[in-house]
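Me: I should be grateful for a close look at one part of this structure. Please take a single buried acidic residue and the helix that follows, and describe them step by step in one connected account.

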Amino acid sequence: MANVELPQTMQAVVCHGPEDYRLEELPTPKRGAGELLVRVEAVGICASDLKCYHGAAKFWGDENRPAWAETEAVPGHEITGEIVELDDAARAEWGVEAGDRVVVEQIVPCWDCRYCDTGNYHMCAVHNMYGFKRANPGGMEEYMVMTPGSLVHKISKDIPPAHAAFAEPLSCALHAVERANITFADVVVVAGCGPIGLGMIAGAAAKYPAQIVALDMDERKLELAQKTGATTVINIANEDAVAKIKEMTGGYGADVYLEGTGHPSAVLQGLNCLRKLGRFVEYSVFKDDVSVDWSIISDDKELDVLGAHLGPGCWPAAIRLIEEGKLPMDEICTHQLPLADFQKGLDLVSAGKESIKVSLIPGGASTQNAGQA
């Protein structure tokens, strides 16, 4: 197709290292063969973006691991945008057309390692990702390129852009639910009622377990958890969650615990509130190391402890949940800010008091949903 008229330069947030992100003017990227050029409509700020910004060892390394994040990269991996340029190779790969709105999975698989070869593309050995590497700039810019091999999905243009961008965290939450193998008889506990936790509650509710117990310290988030599918909520600032859950279960404890807070105390809380032979699913990215008595996992309870990473295979379901209005998205997506206010967005997520999901809208103005002050 013929090139559309594009600006020569664009605004972008650029990572120069921990706590050194800058708004810069960059050349508008050019699409290569088989690639999509996308005008970014919204990019969510993830808790992992915040931990990368603050210098967590997972991203910048320590004595036990090398740095994984790169400087001069454009952050942002919860992305939605409109296709402005593509070629026939891109049409054939993704079944899309100019003008379509798309979302893209965070991982950029190599499709040539043992993990990709066995269908576990989300654990790709190379593990390039949008928003952390220079090779794949993320969505905190006005235009971006989606490269061949990426996993691109169409999503409705009838929903607000911030809602469409929520497909990424929701798919991650659904994958955590899948890892838990929830049954109809289970008592499921979800720790944390932020974006990931609310997605876990929605996914767990679709499995119809006996009970879904939501834990948080924020009454507003607990109210939202009930709207999303929680049958019981516990404010851990006021109640002993472990004692309450054991009381609910005849002294045994919960069957499943989904951790979505990223706070070290939530790990021990989960180990303590689970019954023997229970299932613990860890999703969060932690800023600090976590220490627990591992004999709880082994000798005391023989627990299944499972990790969860990204949202492989869960994107179509996440997109359906959003498009069909199954979630209170207006209350989840609390703040939309222009790209120039990226620092305010990071600070809102860091504070955790006013916001639930904060998104940046390149070229857009600030909005804050009613009732979310």
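**A buried aspartate and the helix beside it**

Reply: In this predicted model, D216 is buried but forms no salt bridge. The nearest side chain of opposite charge belongs to K221, and it is 5.1 Å away. A salt bridge would require a side-chain nitrogen of Lys or Arg within 4 Å of a carboxyl oxygen of Asp or Glu, so the separation of 5.1 Å does not qualify.

Where does D216 lie? D216 is part of strand β11, which covers residues 211–216. The side chain of D216 does have a polar partner in the backbone: it reaches the backbone nitrogen of D218 at 3.0 Å. When neighbours within four places in sequence are left aside, D216 is in contact with G192, C193, G194, K221, L222, I234, N235 and I236.

D218, whose backbone nitrogen is reached by D216, has a role of its own at the start of the helix. D218 caps the N-terminal end of α8, with a side-chain oxygen 2.9 Å from the backbone nitrogen of R220.

Helix α8 itself comprises residues 219–228. Which of its residues are buried? They are K221, L222, L224, A225 and T228. Seen down the axis of α8, these buried residues fall within an arc of 160 degrees, and therefore they line one face of the helix. Two of them, K221 and L222, are also among the contacts of D216.

The covering of this face comes from several elements. The buried residues of α8 are covered by parts that include α7 (195–205), β11, β12 (232–235) and α12 (329–332). Strand β11 is the element in which D216 lies. Just after α8, G229 adopts a positive phi of about 135 degrees.

For the wider setting, one may turn to the nonpolar cores. The largest nonpolar core has 47 residues, and those with the most contacts inside it are Y21, L36, M140, M146 and L360. A second, separate core contains 45 residues, including A167, A230, A318 and I332.

To summarise the part requested, D216 is a buried residue without a salt bridge, and its side chain reaches the backbone nitrogen of D218. D218 in turn caps the N-terminal end of α8, and the buried residues of that helix line one face.

Note on methods. Residues are numbered from 1 along each chain as its sequence is written. This is a predicted model: local features need pLDDT of at least 70, side-chain atom pairs count only at pLDDT 80 or more; totals for chains, interfaces and linings use all residues. Side-chain values use heavy atoms; hydrogens and water are left out. Helices (H or I, at least four residues) and strands (E, at least two) are DSSP runs, numbered from the N terminus. Buried means under 20% relative accessible area, exposed over 50%, partly exposed in between (1.4 Å probe, protein chains only). Lys and Arg count as positive and Asp and Glu as negative; His and the chain ends are not counted. A polar contact is a pair of N or O atoms within 3.5 Å; within protein, one must be able to donate a hydrogen and the other to accept it, and residues adjacent in sequence count only if both atoms are side-chain atoms. Contact means heavy atoms within 4.5 Å. The arc is that of the directions from the helix axis to the C-beta atoms. A nonpolar core is a set of buried Ala, Val, Leu, Ile, Met, Phe, Trp, Tyr and Cys residues joined through side-chain atoms within 4.5 Å.
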